[in-house]
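Here are some short exercises to try with the model open beside you. Have a go at each task before reading its solution.

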Amino acid sequence: MSDLEEFHHELIADIQGDADVLGLVTVEAFFEKVGELLTEAGELDGASRAYFGDAIAGHQARIDGYGGDPRDGDGILSLVLCDFSITDEVRLIYKNDLQTLLNRLYRFLKASLDRDFRERIQDHRDAFGVADLIATTWKDIEKIKLIIVSNADSRTQADAANVKDLDGRPVTLSVWDLKRLKQYMEQGQARANLIIDFDRDFDGSVPLLAASGGDSALESYLAVIPGKQLAAIYDKWGPRLLEANVRSFLQARGKVNQGIRNTIRDEPHMFFSYNNGLSATADAIEVEQTDQGLQLVRADNLQIVNGGQTTASLHAARKSSAAQLEQVHVQMKLTIVPREQSELVVPRISEYANSQNKVNAADFFANHPFHIRIEELSRKVLARGEDGYRDTKWFYERARGQYADERGRRTIAERKKFDAEFPRSQFLTKTDLAKFENTWACLPHIVSLGAQKNFAEFAKHIGKRWGTEGAAFDELWFRRMIAKTIIFRTTEKLVSGAEWYEGGYRANIVTYAIAKLVHDAEEREMVVDLDAVWRYQDVSPDLKAALLVAAAEAQDVITHPPEGVRNFSEWAKKQACWKGLEDRELSYPEEVDRVLISPDLANERAREARAEKAVETSVEAELEVHRLGAAFWAEARNWARERGLLSPRENGVLETCAAIPSKMPSDKQCAIAMGALKKLQDEGFSTGVSADAT
């Protein structure tokens, strides 16, 4: 069985499992899963289910969902169609099949502008909501992105191909087939190959100047690219050029920079002098030597990591200042970063290139210390297993594909052990964590904005906290965060199985329900007992009953918006929606008191847990200092003195450790010694002295 066939079977099994647990039909479960993936990958701002499948004027039309209000997304309207089928063999999808699916989605788009069609589908609540959104925001829509997601293997290069424009608005197609889903889920590769052929597609190659020496770690070049050419590239590929850009990732959507716009309009000949230019990366490039010098012919997966505002401004000028754009040229620093290094290197280039204009939580990527700490905790903190005997762990995936990679590089026997230690159900990502934490912070309207925008808000908050109280993110914080995860996932199942659940908006209902319970507990000067949820790795019947009360009320608030509001998904994104639920008086079962504790008790438990951990850490440090032995510490002391790396206090402690057993360091001195050793190791210290040599 090939890797793709194995992934095909695993994906279908996951979808069927989700559908059974959550009470969904399989295509709904598929939409929920891929919606999260597309949002995390930056293809969508958020994914809202809105199904329609029927004939329009004798021809089939179809939509499964959309990417939110285009007014909140730079004027981009994103519509999604899902092609999911349960088959033993991997299905193949060819150009004609893809065209058929595209036509159905396009047909719904076009029909949405017809008042008669909208009136006919008013009984299709979700479909009417998105059709009405398209019609009412049409004047604000600048570009339409049609997305087809399929569990078939596409045999055509349709991705990013231009399709027929509609009413003067460009329409593009993005295809996520089985191979592309596999690449993203297992390797974090969100982009299908983005091949830019400057010579063939964009009016000519670009002059290059090599800027790196022969011994450089990465190839670097300087280029000057015509503004008209850059604008044309952005017109075709759009935000996909900016996926590695910090501001793009954090959804920092500012208006087109007025200074850039004015320079294009009034002094285009001075643009090169005034503008800082672009920083870009590519997986690989094709160059050729000509009489005019080195020329850039092609770039694979070009990413603009700094200069998104410049690029967007040039694109906007195609309409408003087309003549002036002919005179604009932009400098570009281009670094070639092989794909295997991009996870670490590209975010750093982006962060440093953007440092002159501070970006909130600019380095809040996979390599941020917060994520590294949570990952470390997830690999060592033991949780109670289902059988009550075998301990398990929760796998935190700080970089997309870690779980699949960790599992995939093991033998079959080792995989069984890995699966027992890290069950697939005990897996969460960065965007999951942000969703759970912001729900608990009573921000369900922010969570409802979608994974990326919610993550941006979470990043701002945690980025600030990390700088002032990073030590607070310890084992206790991790255990309580996992308890929130368990409560969230349990509530999803409760809502799906509830008699009152009308279908749709489950994601909104869940985050609103939990936030409401947290809020009402705080009104009573109480908090939910997260430690009990962690201890049992389950939600008690009393807590489930309280969550169901809040969830039923959340559905009522979300599906009964004020007069004139027709789209429930968009209503759930408004603070007014949360205020409506927040102010309601609910009648919880009396047993709710059993699952609430006082903040004082929660804080006392925290103090006790941290005191126990401090003692444990102190003992571990003392044991390690003695295990390493006097000869080791003497060498460390000498190495540090030669380089002047430690403080007088640290040098004194190492002196004591080097005299073991004639001098015995205290537990506090042992902690200082281990801290000093970490400093030295970070500077390159290593020793050949045996740890037992004394």
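The exercises below cover a side chain, a surface patch and the nonpolar cores.

This is a predicted model, where local features need pLDDT of at least 70, side-chain atom pairs count only at pLDDT 80 or more, and totals for chains, interfaces and linings use all residues. Residues are numbered from 1 along each chain as its sequence is written, and side-chain values use heavy atoms, leaving out hydrogens and water.

**Exercise 1.** Find out whether Glu-397 is buried or exposed, then list its polar partners.

*Solution.* Start with the location: Glu-397 sits in strand β17 (residues 395–397). Next, check the cover: its relative accessible area is 2%, so Glu-397 is buried (under 20%; exposed is over 50%, with a 1.4 Å probe and protein chains only). Finally, look at its side chain: a polar atom there lies 3.0 Å from the backbone nitrogen of Gln-402 and one lies 2.9 Å from the backbone nitrogen of Tyr-403.

**Exercise 2.** Locate the nonpolar surface patch that includes Val-615.

*Solution.* First, go to helix α27 (residues 599–628), where Val-615 is found. Val-615 has a relative accessible area of 53% and is therefore exposed. Then add Val-619 and Leu-623: with Val-615 they form the patch, together offering about 280 Å² of accessible area.

**Exercise 3.** Which residues touch the most other members of the largest nonpolar core?

*Solution.* Among its 65 residues, these are Phe-370, Ile-374, Leu-433, Ile-487 and Leu-543. Now look for the top contributor: helix α21 (residues 475–497) gives the most, with 10 residues. Another core of 37 residues lies apart from it, including Leu-79 and Ile-148.

Notes:
Patch = residues over 30% accessible without salt bridge, like charges linked within 9 Å, V, L, I, M, F, W, Y side chains within 5 Å. Areas by Shrake-Rupley, 256 points an atom, 1.4 Å probe, with all protein chains shown as cover. Salt bridge = Lys/Arg side-chain N within 4 Å of Asp/Glu carboxyl O. Helix = DSSP H or I, 4+ residues; strand = E, 2+ residues; numbered from the N terminus. Polar contact = N/O pair within 3.5 Å; in protein donor to acceptor, adjacent residues only side chain to side chain. Core = buried A, V, L, I, M, F, W, Y, C linked by side-chain atoms within 4.5 Å.
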